[in-house]
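Thanks for joining. I have one structure to go through today, and I will keep to the packing and the local geometry. Here it is on the screen.

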Amino acid sequence: PAFRQRFLVFSPEELPLHEEVKAEEGGSSARAISSGNREFLGRYAIRLENGYLTKYHRLSAEAPVPEGFETWYLYREISGDNAWFNDEAYVDTLNPRAMDKFIEITHEAYYRELGDSFGDTIPSIFTDEPQFCHKSTLGFAEEKKKVVLPYTDDFNETYKAAYGSDFFDTFPECIWELPDGRVSANRYHYHDHICERFANAFADNIGGWCHEHGIALTGHMMEEPTLASQTAALGEAMRSYRSFDLPGIDMLCDFRELTTAKQAESAVHQFGYEGMLSELYGVTNWDFDFRGHKLAGDWQAALGVTIRVHHLAWTSMAGEAKRDYPASISYQSPWYREYHLIEDYFGRLNTALTRGSAEVKVGVVHPVESYWLYWGPKNQTSGIREEMDENFDKLIKWLLFGTVDFDFISEALLPDLNKGTQDGRTLTVGCMHYDQILVPNCKTLRSTTLEILEKFQEAGGTLLFAGEIPSLEDAIPSERGRKLAEKCTRIPFGKM
């Protein structure tokens, strides 16, 4: 129980601390599964005017609710049983002690039995779809329903250490929009800190163990493709790649997730990793022929994939779940002896792609942190969030289909990767040297990002602002972005 997933439940009604709940079938995602096992964290007086949060108070245990305010209740709940996880629960991926236990019962067991082969015939350990409890929002500001957000027991302690304030004091700003178009720095801090707790507890912890034991951490994250999906389940996909040796992606249903591939490829370039992995051909069904296998492999190779991990072979054809996955690339399929035609081709291609190093001249500041600012009621924020995701997708297609290769730059990773400017005109980010940096429609930038971009511009580097100019610094109103943009090239956000 100490290592089960935790989450916050914010409720307009007082909930019992212990109640019997019906078992749920949660599926493979780490969404919240109620156990009825709760801890009371606080009571809030909330005043909304025209759907906006105008006043709120965190109430003491016996304090009356002021006139004109509504009462909301905050609980920590431990995850209930989920049939998908053998009637257990998803693990608390925000808790390093839980991840230590996971390493003890999995990685350490493999090391005892197979350690002599680590880094040799066993080059890597694959992780599949790590995530945290998926964030939710209200449908509309006045809606009276429970909202769930990811959490771990010592979250407030590390939040205080990072930001110098009590997370619970300003918690309602994570739920409702502020009036007069203001955004909440406290909301931004929550999303940033959850992301950091996850990357540290899971990727940093397991990646560090793998590094110490001479084996590569590989695999892929959950919900990588859109700003919405990664905000809900990861915070930011790229941050966790800092501790992978072979970052990977997952491409189901013959989708074309250029976003997913480009984020992972960018990290591969900047960290100088050996290659990039893809779990591919899942859910492509029985009529997916060799042409489909080659086309899906080709576009991924063009975006950096050099290690192919197939949904591969079955021990048995029994079981309903086998029906929607690709035909077994083994004796159950009559063509399996001819499949070397596909793999011989990609073997030669991937050999070529892993010789030399990438030459990419354009760096693009990733806009996910601006997206976090609008994780509020859908009736007030869904429009801008949908527009941001559409622009995210458009930007990638405009650049790639215009034959302009680029790498995304994670603001969280940038301070550690930045090595200043080279020859006075290129920005060094890890192993990469960018001639041009593009800031695309970002509402906020980190102070560390602004400092690095200011030095880049002063040294003669080419810095472009497309669309909206950042008006916030660390989610706080600031003129710093505008003043920098005035010295740089400004272009509309549109296809030229």
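I will take the cores, then the helix pairs, then a few single residues and the cysteines.

Please keep in mind throughout that this is a predicted model.

Let me begin with the nonpolar cores. The largest of them has 86 residues. Within that core, Phe10, Phe167, Phe171 and Trp176 have the most contacts. Helix H4, which covers residues 185–212, supplies the largest share of this core, with 11 residues. There is also a second, separate core of 24 residues, and Leu414, Val429, Leu463 and Leu484 are among its members.

Now to Phe167, since it is on that list of four. What is Phe167 in contact with, leaving aside its neighbours within four places in sequence? The partners are Leu8, Phe155, Asn156, Tyr159, Cys174 and Tyr190.

One of those partners, Tyr159, sits in helix H3. Is Tyr159 buried or exposed? It is buried, at a relative accessible area of 0%. If we set aside residues up to four places away in sequence, Tyr159 touches Gly164, Ser165, Asp166, Phe167, Asn186, His189, Tyr190 and His193. Another pair to look at is Tyr159 and Ile194: they are 35 residues apart along the chain, and their C-alpha atoms are separated by 9.0 Å.

That brings us to the helix pairs. In general, a pair of packed helices is described by the angle between the axes and the distance between them.

Take H3, residues 155–163, against H4. Their axes come within 11 Å and cross at roughly 115°. Angles of 65 to 115 degrees count as roughly perpendicular, so that is the label for H3 and H4. The crossing of H3 past H4 is right-handed. On the H3 side, the contact is made by Phe155, Thr158, Tyr159, Ala162 and Tyr163. On the H4 side, the residues are Asn186, His189, Tyr190, Asp192, His193, Ile194 and Arg197.

H4 also packs with H1, residues 96–105: here the axes come within 9 Å, with a crossing angle of roughly 30°. Angles under 35 degrees count as roughly parallel, and H1 and H4 are therefore described that way. H1, too, passes H4 in a right-handed crossing. From H1, the residues involved are Pro96, Met99, Asp100, Phe102 and Ile103. They meet Arg197, Ala201, Phe202, Asn205, Ile206 and Trp209 in H4. You will have seen Arg197 listed for the H3 contact, and it appears in the H1 contact as well.

The third pair is H7, residues 258–271, and H11. Their axes come within 10 Å and cross at roughly 70°, and the two helices are therefore roughly perpendicular. Leu258, Thr259, Lys262 and Gln263 in H7 meet Phe392, Asp393, Ile396, Lys397, Leu400 and Phe401 in H11.

Back to H4 for one more residue, Glu196. Glu196 is partly exposed, with a relative accessible area of 28%. Apart from residues up to four places away in sequence, Glu196 touches Arg239 and Arg242. Measuring sticks aside, Glu196 and Gly51 are 31 Å apart in space, C-alpha to C-alpha, and 145 residues apart in sequence.

Next, backbone geometry. Two residues that are not glycine have positive phi values, and I list them in turn. Asn285 has phi near 70°, and its place is in the loop between strand E9 (277–282) and helix H8 (290–302). Asn285 is partly exposed, with a relative accessible area of 38%. Thr403 has a phi of about 60°. Thr403 is in the loop between helix H11 (378–401) and strand E12 (407–409), and at 73% relative accessibility it counts as exposed.

Last, the cysteines. How many disulfides does the structure hold? The count is 0. For Cys195, the nearest cysteine sulfur is that of Cys174, 15 Å away. Cys195 is buried, at a relative accessible area of 1%. Why is Cys488 without a bond to Cys442? Because the sulfur of Cys488 is 14 Å from the one in Cys442, its closest cysteine sulfur, and that is too far. Cys488 also counts as buried, at 15% relative accessibility.

That is the end of my list.

Methods. Residues numbered from 1 in each chain as written. Predicted model: local features only at pLDDT ≥ 70, side-chain atom pairs only at ≥ 80, totals over all residues. Heavy atoms only, no water. Core = buried A, V, L, I, M, F, W, Y, C linked by side-chain atoms within 4.5 Å. Buried < 20%, exposed > 50% of the residue type's maximum accessible area, 1.4 Å probe, protein only. Helix = DSSP H or I, 4+ residues; strand = E, 2+ residues; numbered from the N terminus. Contact = heavy atoms within 4.5 Å. Disulfide = S-S within 2.5 Å. Axes fitted to C-alpha atoms, helices over the stretch in contact; angles between N-to-C directions. Parallel < 35°, antiparallel > 145°, perpendicular 65-115°, else oblique. Left-handed = near helix turned anticlockwise from the far one by under 90°.
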